[in-house]
Amino acid sequence: MSVRQLWEGTDAAGWAQKLNGRTKLLFLFLFAILMITVDNPRTLFILFTFTLILHLAAKTSIYKLKVMAILLLLGLWGSMFSQALFFAQTPRTPLFVLIAPEAGFIGQLTGGLFIYREGILYGAVQGLRSASMLALGLLVCWTSDPRQLLQALLVWRLPPQMAFMLVTAIRFLPVLAAETGEVITALQLRSDSQSGRTAVLRHLPYIAKPLLARCLRRAQTLALSVVSRGFFAGGAAKRRQQWDAREKASCLLLLLVVIAVVGSKIIYLLSEQGFYFGVFRQIYDWTVLYL
């Protein structure tokens with residue numbers, strides 16, 4: 001599978017491709033609010049598992065799942081490792097000593113370097129947040145045509161120039177990677193060098209100029225195409241995709257859930273500041289257990 005095919009949604013399930021762009025973007029936005037609001041590790045793990053189930057239901061290819069797994073593992077490992085080293089809250093329990101405080105100048109300068117148990121747990125929670133959003137974002141990217149997202153942004157009265165730039169940014173990195181691969185292949189053929197990591201590293205200093213020229217050519221072609229079709233004159237905004245009633249109902253249901261979760265969290269935080277009301281006792285207990 002090529003780099004460009006990696007970010008295309010042509011192999012996704014039919015139901016995922018047919019979803020309205022407004023449904024996908026609104027679901028992504030509301031899910032992000034849930035990730036910010038929820039602090040309970042079990043609930044975060046359930047939400048993360050839900051995103052993986054959506055990938056299976058959308059029939060994401062094995063190659064894409066492997067790429068997603070690598071990105072998720074790198075994100076989780078980075079979050080847990082950084083928090084384990086630099087966790088500053090108390091109490092904190094050292095598990096390992098990397099640099100003792102008495103270890104010469106470095107030990108005196110840093111005050112010692114430890115691996116903290118609370119930091120690992122805190123990093124895991126933060127990593128679950130980012131992993132869930134990454135998984136859902138990749139799902140939207142892999143199951144959406146750029147025109148779907150563009151139409152959704154235009155319906156929401158976003159300026160056409162800004163909407164076009166946002167949608168183009170989604171496809172920029174894959175196209176740039178594909179262009180880089182073609183430039184490297186051309187350089188290898190011209191120099192009659194064999195393929196491999198060593199050959200790629202040897203050609204890296206000569207990639208910038210041809211890659212920049214190809215990107216400028218592609219940008220000019222894209223700009224002429226957009227202007228000639230009258231996109232910025234309002235022609236694209238007239239072609240709207242119908243929003244299915246079932247999708248509207250699903251988004252409304254998720255919106256009500258998010259409002260309930262955020263409201264419960266606010267009421268609980270107010271109780272910690274002294275604004276306690278006995279009538280909300282069940283909400284307090286529910287928030288402690290699940291949020």
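How many nonpolar, polar and charged residues are there in the lining of the second largest pocket? The tour starts there; note that the model is predicted.

**Stop 1: the second largest pocket**

Select Trp15, Leu19, Thr23, Phe27 and Leu54, which lie nearest the centre of the second largest pocket among its 18 lining residues. By class, that lining has 13 nonpolar, three polar and two charged residues. The volume of this pocket is about 390 Å³. To see where the wall comes from, colour helix H2 (14-18), H3, H4, H7 and H13, each of which supplies at least two residues of the lining. H13 has the largest share, six residues.

**Stop 2: the largest nonpolar core**

Next, select Leu44 and Met68. Of the 25 residues in the largest nonpolar core, these two touch the most other members. At least two residues of this core come from each of helix H3 (21-37), helix H4 (41-57), helix H5 (62-86), helix H7 (117-143) and helix H13 (245-272). H7 gives the most, with eight residues.

Keep Met68 on display and add Leu52, His55, Ala135, Leu138 and Trp142. Met68 is in contact with these five, leaving aside its neighbours within four places in sequence. A second, separate core has nine residues, including Leu25, Val140, Ala152 and Val167.

**Stop 3: Arg129**

Now select Arg129, in helix H7. Is this residue buried or exposed? Arg129 counts as buried because its relative accessibility is 12%, under the 20% limit. Show Met35, Ile36, Val38, Asp39 and Leu44 as well: Arg129 touches each of them, not counting residues up to four places away in sequence. Leu44 is the residue already selected at the previous stop, where it was one of the two core members with the most contacts to other members. For a distance to display, pick the C-alpha atoms of Arg129 and Leu47; they are separated by 9.1 Å, although the residues are 82 apart along the chain.

**Stop 4: the largest cavity**

The model has two cavities of 30 Å³ or more. For the largest, select Val140, Cys141, Ser144, Asp145, Pro146, Leu149, Val167, Ile170 and Arg171, which line it. Its volume is about 40 Å³. H7, helix H8 (146-155) and helix H9 (160-191) each supply at least two lining residues, and H9 gives the most, with three. By class, the lining of this cavity has six nonpolar, one polar and two charged residues. Val140 and Val167 line the cavity and are also members of the second core.

Technical notes: Residues are numbered from 1 along each chain as its sequence is written. This is a predicted model: local features need pLDDT of at least 70, side-chain atom pairs count only at pLDDT 80 or more; totals for chains, interfaces and linings use all residues. Side-chain values use heavy atoms; hydrogens and water are left out. A nonpolar core is a set of buried Ala, Val, Leu, Ile, Met, Phe, Trp, Tyr and Cys residues joined through side-chain atoms within 4.5 Å. Buried means under 20% relative accessible area, exposed over 50%, partly exposed in between (1.4 Å probe, protein chains only). Helices (H or I, at least four residues) and strands (E, at least two) are DSSP runs, numbered from the N terminus. Contact means heavy atoms within 4.5 Å. On a 1 Å grid over the protein atoms alone, a cavity is a set of points where a 1.4 Å probe fits but cannot get out, and a pocket is an open set with protein on both sides within 12 Å along at least five of seven lines; lining residues have an atom within 4 Å of a point. Grid points are joined across faces, edges and corners, and a volume is the space filled by probe spheres set on the points. Ala, Val, Leu, Ile, Met, Phe, Trp, Tyr, Cys and Pro count as nonpolar, Asp, Glu, Lys and Arg as charged, and the others, Gly among them, as polar.
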